[in-house]
Amino acid sequence: MTRRIARWLVVIGITSGATAAAIHQDSSRDADARAIRHEIERIFHAFIEKDRQALVDTHHPDWRGYLTGSRTVIKGVDGYMAASVGTGGMGPKGQGMVGFKIHEYDTVFYGDTAVVSFVAEGFYRYGDRDATTKMTLIDVYVKHHGQWIQAASQTSTHPDTQAARMSDLRELGAAEKASLLTAREAV
């Protein structure tokens with residue numbers, strides 16, 4: 001009986017491994033993978049071009065997820081828009097996000113659902129100051145009305161950016177300076 005169970009476990013393990021390999025190596029999904037990559041790039045371009053409607057169009061109405069700094073789950077495309085760009089204008093073109101580069105890109109399909117993991121660098125301009133932020137992202141894409149659309153996302157600051165920011169110098173605001181001076185005098 002033990003040998004029979006062991007054989008079944010081996011067969012199940014081999015079958016599961018073959019199924020997982022098929023998911024990763026399915027070249028028949030190349031067109032879908034390209035379509036999803038195009039949608040991801042559309043989102044970045046929408047931020048660069050300050051195109052609110054493109055952001056709405058690239059996110060499922062019942063979107064779910066976390067953006068960098070989110071403390072609770074964001075629900076729906078309206079929640080996504082409020083969290084990502086606010087309720088007013090997106091600012092002038094040439095400010096905020098001005099470019100991007102994608103690294104370590106990977107797509108895995110599970111039927112009509114795809115999980116995309118990648119690292120992206122965002123290039124920003126604030127006044128005359130340039131900045132770069134590296135992010136880690138996991139996006140979930142689903143077929144919606146025959147098109148791939150982002151249904152969920154988890155966006156975090158990459159450890160490289162976190163480490164760099166820990167040593168960044170910055171000007172203290174008036175309230176911070178006053179608090180620091182008060183603490184110094186108390187010591």
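Here are some worked exercises on the strands, a helix and the salt bridges of this predicted model.

Residues are numbered from 1 along each chain as its sequence is written, and side-chain values use heavy atoms, with hydrogens and water left out. Because the model is predicted, local features need pLDDT of at least 70 and side-chain atom pairs count only at pLDDT 80 or more, while totals for chains, interfaces and linings use all residues.

**Exercise 1. Work out which strands pair with β1, and in which sense.**

Step 1: get the terms straight. Strands (E, at least two residues) and helices (H or I, at least four) are DSSP runs, numbered from the N terminus. Two strands pair if DSSP finds at least two bridges between them.

Step 2: take β1 (residues 59–66) and look across to β6 (residues 147–157). These two run parallel, with 4 bridges. Tyr66 has Gln154 of β6 as its bridge partner.

Step 3: now try β2 (residues 74–75). This strand pairs with β1 in the antiparallel sense, over 2 bridges, and Arg64 has Lys75 as its bridge partner there.

**Exercise 2. Trace the pairing from β3 through β4 to β5.**

Step 1: start with β3 (residues 96–110) and β4 (residues 113–126). They run antiparallel and are joined by 12 bridges. Val108 is matched with Val115 of β4.

Step 2: check the link. β3 and β4 make a hairpin with 2 residues between them, and Gly111 in that turn has a positive phi of about 70 degrees.

Step 3: move on to β5 (residues 129–144), which pairs antiparallel with β4 over 14 bridges. Val115 turns up again here, opposite Val140 in β5.

Step 4: check the second link. β4 and β5 also form a hairpin with 2 residues between them, and the turn residue Gly127 has a positive phi of about 65 degrees.

**Exercise 3. Find the buried residues of α4 and say what covers them.**

Step 1: set the cut-offs. Buried means under 20% relative accessible area, exposed means over 50%, and partly exposed is in between (1.4 Å probe, protein chains only).

Step 2: go along α4 (residues 76–85). Its buried residues are Gly76, Val77, Tyr80, Met81 and Val85.

Step 3: look at the cover, which includes α2 (30–49), α3 (52–57), β1 and β2. Contact here means heavy atoms within 4.5 Å.

Step 4: step off the end of the helix. Just after α4, Gly86 takes a positive phi of about 80 degrees.

**Exercise 4. Compare the surroundings of three salt bridges.**

Step 1: define the pair. A salt bridge puts a side-chain nitrogen of Lys or Arg within 4 Å of a carboxyl oxygen of Asp or Glu. The whole structure has 8 of them.

Step 2: take Asp32 and Arg29, whose side chains meet at 2.8 Å, N to O. Asp32 counts as buried at 18% relative accessibility, and Arg29 counts as buried at 15%. Arg29, Asp32 and Lys143 are linked in a network of salt bridges.

Step 3: go to Glu41 and Arg37, with their closest N and O atoms 2.9 Å apart. They sit 4 residues apart in helix α2, so about one helical turn separates them. Glu41 is partly exposed, at 27%, and Arg37 is partly exposed at 27% too.

Step 4: finish with Glu185 and Arg184, which form a salt bridge at 3.8 Å, N to O. Both of these residues, Glu185 and Arg184, are exposed.
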